[in-house]
Amino acid sequence: QEDADATLKAIPELLKLLNDDDKMVVSKTLKLIDQLSRKDASRLALATSHSLINNLLNLVLNTQELDFHNSVSSIFNQMSSNKQALFVLFKSGGIPALIRLLSSPVESIVYQALSTLHNLLMYEPSAKAQIHHYNGTRKMIELLSLYQNPKFLALVLDSLHILAFNNSEVKLVIQTSGGPREL
């Protein structure tokens, strides 16, 4: 409880630091938030802050800083172990940002974003339509040829399976995007 209370009290200051003009300050703040997201109580406190999640999403959508993207993808991946956090991430419009992270040249960023999307597919039924709407299906097909890691490929395949289940439109996209060849 002390961790959660301390994190809740720190969020306004963290928000100020995330909006600092100095990239080093933002980077260090992201690393601190990442550390906090690794503790259960702190993670829940962070996840209930719509402002914090919106700021993190803006960093993904409005910057090209791989360091920022790495920290944010890690934070979201940590948060995605909690259903309430997934709901807040979903309601805050996190899917377009996560799909954007799938185009990162850094494998760990792609893996963490994919893992978060997979958790959204597992626990947030409305996520399927949004992921498909923002071309997540096509992006996942592309990932099949980029990486050889078996765990990563299993995550992509399971995500595609969830997206395609009882959805002929997704199945058509998989077929026309070279999915059968990649599979």
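User: What makes the approach of Asn82 to the backbone nitrogen of Gln84, at the start of α6, a polar contact?

Analyst: A side-chain oxygen of Asn82 comes to within 2.8 Å of that nitrogen. A polar contact is a pair of N or O atoms within 3.5 Å; within protein, one must be able to donate a hydrogen and the other to accept it, and residues adjacent in sequence count only if both atoms are side-chain atoms. The pair of Asn82 and Gln84 therefore qualifies. The model is predicted, so local features need pLDDT of at least 70 and side-chain atom pairs count only at pLDDT 80 or more, whereas totals for chains, interfaces and linings use all residues. Residues are numbered from 1 along each chain as its sequence is written, and side-chain values use heavy atoms, with hydrogens and water left out.

User: Which residues of α6 are called buried, and what covers them?

Analyst: In helix α6 (residues 83-91), the buried residues are Ala85, Leu86, Val88, Leu89 and Phe90. Buried means under 20% relative accessible area, exposed means over 50%, and partly exposed lies in between (1.4 Å probe, protein chains only). The name α6 follows from the numbering from the N terminus of DSSP runs (helices: H or I, at least four residues; strands: E, at least two). The cover includes α3 (40-47), α4 (50-62), α5 (66-79), α7 (94-101), α8 (107-123) and α9 (127-133). After α6 comes Gly93, with a positive phi near 85 degrees.

User: Why is α7 described as mostly covered?

Analyst: Six of the eight residues of α7 are buried. They are Gly94, Ile95, Ala97, Leu98, Ile99 and Leu101. Among the elements that cover them are α6, α8 and α10 (136-146).

User: How do you know which residues bring α1 and α3 together, and what describes their packing?

Analyst: Two packed helices are described by the angle between their axes and the distance between the axes. The axes of α1 (residues 2-18) and α3 come within 8 Å and cross at roughly 35 degrees; such axes are lines fitted to C-alpha atoms, for helices over the stretch in contact, with angles from 0 to 180 degrees between N-to-C directions. Contact means heavy atoms within 4.5 Å, and the residues concerned are Asp3, Ala4, Thr7, Leu8 and Ile11 of α1 with Ala41, Ser42, Ala45 and Leu46 of α3.

User: What is the handedness of this crossing of α1 and α3?

Analyst: The crossing is right-handed. A crossing has that name if the near helix is turned clockwise from the far one by less than a right angle, and is left-handed if the turn is anticlockwise.

User: Why is Thr7 classed as buried or exposed?

Analyst: Thr7 is buried, because its relative accessibility is 2%. This residue of helix α1 touches Leu36, Ser42, Ala45 and Leu46, not counting residues up to four places away in sequence.

User: Why is Thr137 of α10 classed as buried or exposed, and what polar contact does its side chain make?

Analyst: Thr137 has a relative accessible area of 1% and is therefore buried. Its side chain makes a polar contact of 3.0 Å with the side chain of His132. Beyond four places in sequence, the residues touched by Thr137 include Leu160, Leu163, Val170, Val173 and Ile174.

User: How do you know whether Leu155 is buried or exposed?

Analyst: The relative accessibility of Leu155 is 14%, so the residue counts as buried. Leu155 lies in helix α11 (residues 150-164) and, leaving aside neighbours within four places in sequence, is in contact with Tyr111, Leu114, Ser115 and His118.

User: What makes the phi of Asn135 and of Asn166 notable?

Analyst: Most residues other than glycine have a negative phi. Asn135, however, has a positive phi of about 65 degrees, and Asn166 has a positive value near 60 degrees. Asn135 is in the loop between α9 and α10, and Asn166 is in the loop between α11 and α12 (168-176).

User: Why do Asn135 and Asn166 receive their accessibility classes?

Analyst: Asn135 has a relative accessible area of 44% and is therefore partly exposed. Asn166 reaches 69%, so the residue is exposed.
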